[in-house]
Amino acid sequence: MFNLALIGLIIGNMFINATPILYAGLGGMISERSGVVNIGLEGMMTIGALIGATVGFYTKNPWLGFICGGLSGMVFAFIHALISVTFAGDQTISGIAINYLAPGVSLFLARIFFSGATQTKSIPQDGKMPILFKSLLNGHPFLQNIFAQYVTVYIAILFVILIYVFLYKTKWGLRLTAVGEHPKACETLNISVIKIRYSAVLFSGFMAGLGGASLSIAVVNSFSPTLIAGQGFIAMVTVIFGRWTPHGVLLGSLFFGLAKALAIFIGGTSLEIPGEFVSMIPYIATLLILIFFGGKSKAPKADGTPYLTEDIGI
């Protein structure tokens, strides 16, 4: 006999675990649609998690911490944009450098703000992001386990809708797509490739920072050096799996979230499976996505290609 409450718990955990990746994946998708690969999502999530937890702890305002986490990711995205867009540098190398730089800066700042500790102090339960519908669904464990989620989950889903409308229903979204496909043609039509790419990269950093902050001030209540643990790279996989669409990134994030939720469930059962193998389940699932869907995905034509106005003699 099925235990509905348990099924609801697994579904609820799927949404919780998918949310940080969804934020970063949406940001990475927007950046790549403009023609700039952002491999630095991992580092941007890390700095976002540190700043979000630090600001949340000291101000007792999780909303302020959440926004500051996004802005801190944007700071490192600006560095990436400066190298990749202004100086037409190698986007992969720039992203890798940020993945080393941001965690290092995070540890440095953590030691300053928390007396030499490499992780932040725990945020009290009432200082975390609020949970919606918890009291409303009291007495309905199945529905409560699914829908009583941190507000960051619903904000992430709202971003999916807004980005979908932006990309497919507005002229600015069409211009973003055009820049990622034919930047030279766009420049001849007085569409600023540089401005659009800068905006897209900065937005990707903001979203990655929100993803990190959603971990440190919602899912857990502090920052630690191992908090992100490769989720920025998994966010990049969801972009490929989702074929550079917001709804596709959502599905990819939910797939990873479900894999992690099942790993948590299996780890809590009496099955004699080594914990190391259980913890590998989400990452094995990510590799399977790349194997079966990576080759079928088609990136924007100008994705990863540096661009300068001098290329067309402007």
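**Figure 1. Methionine 129 in the loop between α4 and α5.** Methionine 129 lies in the loop that runs between helices α4 and α5, and the model in which it is seen here, as in every view below, is a predicted one. Although this residue belongs to a loop, methionine 129 is buried, because its relative accessible area is 2% and a residue counts as buried under 20%. Its contacts, leaving out residues up to four places away in sequence, are with Pro62, Trp63, Phe66, Tyr150, Val151, Thr152, Ile217 and Ala218. Methionine 129 can also be compared with glycine 56, from which it is 73 residues apart in sequence, while the two C-alpha atoms are 9.5 Å apart in space.

**Figure 2. Two residues with a positive phi in the loop between α4 and α5.** Most residues other than glycine have a negative phi. Serine 115, which is not a glycine, nevertheless has a positive phi of about 50°, and its place is in the loop between α4, residues 91-113, and α5, residues 141-147. Phenylalanine 133 is found in the loop between α4 and α5 as well, and it has a positive phi of about 65° although it, too, is not a glycine. Are these residues buried or exposed? Serine 115 is exposed, since its relative accessible area is 77% and exposed means over 50%. Phenylalanine 133 is partly exposed, with a relative accessible area of 39%, a value that falls between the cut-offs of 20% and 50%.

**Figure 3. Helix α2 and the residue just after it.** Helix α2 covers residues 41-59, and because each residue should add 1.5 Å, its 19 residues should span 27 Å; the C-alpha atoms at its ends are 26 Å apart, which agrees. The helix is mostly covered, with 17 of its 19 residues buried. Threonine 54 lies in α2 and is buried, with a relative accessible area of 6%. Once its neighbours within four places in sequence are left aside, threonine 54 is in contact with Phe113, Phe114 and Thr120. Just after the helix, lysine 60 takes a positive phi of about 60°.

**Figure 4. Threonine 19 in helix α1.** Threonine 19 is found in helix α1, which is made of residues 4-33. This threonine is buried, with a relative accessible area of 5%. Not counting residues up to four places away in sequence, threonine 19 touches Thr152, Val153, Ala156 and Ser214. Thr152 has a part in the first view as well, where it is one of the residues touched by methionine 129.

**Figure 5. Helices α9 and α11.** How many of the residues of α9 are buried? This helix is mostly covered, with 21 of its 27 residues buried. Helix α9 takes in residues 193-219 and should span 39 Å at 1.5 Å a residue, and the distance of 38 Å between its end C-alpha atoms agrees with this. Helix α11, residues 246-267, has 22 residues and reaches 31 Å from its first C-alpha to its last, close to the 32 Å expected at 1.5 Å a residue. The buried residues of α11 include Pro246, Gly248, Val249, Gly252, Ser253 and Leu254, and further along the helix Phe256, Gly257, Ala259, Ala261 and Ala263 are buried.

**Figure 6. Alanine 299 in the segment after α12.** Alanine 299 has its place in the segment that follows α12, a helix of residues 275-293. It is partly exposed, with a relative accessible area of 31%. Its C-alpha atom and that of isoleucine 196, a residue 103 positions away along the chain, are separated by 18 Å.

**Figure 7. The whole chain, as a setting for the close-up views.** The secondary structure of the chain comes to twelve helices and zero strands. A compact globule of 314 residues would have a radius of gyration near 20 Å, and the 20 Å of this chain agrees with that expectation, while the C-alpha trace spans about 65 × 50 × 40 Å along its principal axes. Buried residues make up 50% of the 314 residues. Among the contacts with a separation of 6 or more, 78% are accounted for by residues 24 or more positions apart. The chain exposes about 14700 Å², of which carbon and sulfur atoms supply 71%. It carries 17 positive and 11 negative side chains, and the centres of these two sets lie 9 Å apart.

Technical notes: Residues numbered from 1 in each chain as written. Predicted model: local features only at pLDDT ≥ 70, side-chain atom pairs only at ≥ 80, totals over all residues. Heavy atoms only, no water. Helix = DSSP H or I, 4+ residues; strand = E, 2+ residues; numbered from the N terminus. Rg over C-alpha atoms; globule rule 2.2 N^0.38 Å. Buried < 20%, exposed > 50% of the residue type's maximum accessible area, 1.4 Å probe, protein only. Contact = heavy atoms within 4.5 Å. Areas by Shrake-Rupley, 256 points an atom, 1.4 Å probe, with all protein chains shown as cover. Lys, Arg positive; Asp, Glu negative; His and termini not counted. Charge placed at Lys NZ, Arg CZ, Asp CG, Glu CD. Expected span 1.5 Å × (residues − 1).
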